Amino acid sequence: MSSLLTTLAKDFPNIAMVSSDSFYWSPRKKTVFYIDEKLSDTVGEWSLLHEIGHALLEHQTYQTDFNLLQLEVMAWDKAQELAKKYKVVIDPDHIQDCLDTYRDWLYQRSTCPTCTSCSLQIDSSTYRCFNCNTEWRVSRSRKCRTYRKKQTAKLPVMV
Ligand SMILES: [Zn+2]
Ligand SMILES: [Zn+2]
């Protein structure tokens with residue numbers, strides 16, 4: 001068992017930590033899920049600290065895509081704070097790569113399919129273009145991701 005996990009579990013007894021097939025925070029279950037075998041490498045530790053960041057900030061389901069990006073930024077800030085405390089060094093490039101995943105995704109979702117103007121989200125699953133009035137639906141995202149995905153088009157969103 002990872003010593004960081006053991007320490008975090010001891011320091012934050014109110015946050016449940018459960019082994020799973022991806023890293024994510026579930027606001028509903030108040031649980032941080034992690035990939036056990038990834039905890040032996042540094043990126044895995046960063047991901048764990050990031051999810052604990054979401055948990056400590058008590059992040060709920062986000063309302064808009066932009067809101068999700070804000071939550072991600074906040075969770076990484078918190079992870080950096082924790083990293084100092086637990087003597088872990090998180091590479092800032094990794095954080096920017098993760099955030100870029102969301103920025104790319106946000107850009108893609110908010111670009112009008114008709115005229116390619118940048119548009120405004122009107123509810124959790126709908127965008128409307130100011131320029132040509134096209135409206136389009138986007139899938140609801142559930143999970144934020146702590147790692148960069150190449151195919152942003154297929155990014156199902158949030159971990
Ligand atoms: Zn348009
Ligand atoms: Zn996150």
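**Exercise 1.** In which sense do strand β5 and β6 pair, and over how many bridges?

*Solution.* Keep in mind that this is a predicted model. Start by finding strand β5, which covers residues 126-128. Now look across to β6: the two strands pair in the antiparallel sense, over 3 bridges. To pin one of these down, pick arginine 128, whose bridge partner in β6 is glutamate 135.

**Exercise 2.** Work out the strand order of the sheet that holds β4, β5 and β6, and say which strands are at the edges.

*Solution.* A quick reminder: strands of a sheet pair through backbone hydrogen bonds, either parallel or antiparallel. Here 3 strands make an open sheet, ordered β4-β5-β6, with antiparallel pairing. The edge strands are β4 (120-123) and β6 (135-137), since each pairs on one side only. Next, check the twist: ignoring direction, neighbouring strands in this sheet are turned by 35° against each other on average.

**Exercise 3.** Do the job again for the sheet with β1, β2 and β3: what is the order, and what kind of pairing do you find?

*Solution.* Careful, the order is β1-β3-β2, in an open sheet of 3 strands with mixed pairing. That puts β1 (16-19) and β2 (24-26) at the edges, each pairing on one side only. Neighbouring strands are turned by 25° against each other on average, direction ignored. Now zoom in on β2 and strand β3 (residues 31-34): they pair in the antiparallel sense over 3 bridges. For example, serine 26 has threonine 31 in β3 as its bridge partner.

**Exercise 4.** Which helix lies across β2 and β3, and at what angle does it run to β3?

*Solution.* Go to residues 42-56, and you've got helix α2. Helix α2 lies across both strands and runs at about 165° to β3.

Methods:
Residues numbered from 1 in each chain as written. Chains lettered and ligands numbered in written order. Predicted model: local features only at pLDDT ≥ 70, side-chain atom pairs only at ≥ 80, totals over all residues. Pairing = 2+ DSSP bridges. Helix = DSSP H or I, 4+ residues; strand = E, 2+ residues; numbered from the N terminus. Axes fitted to C-alpha atoms, helices over the stretch in contact; angles between N-to-C directions. Contact = placed C-beta atoms within 7 Å.
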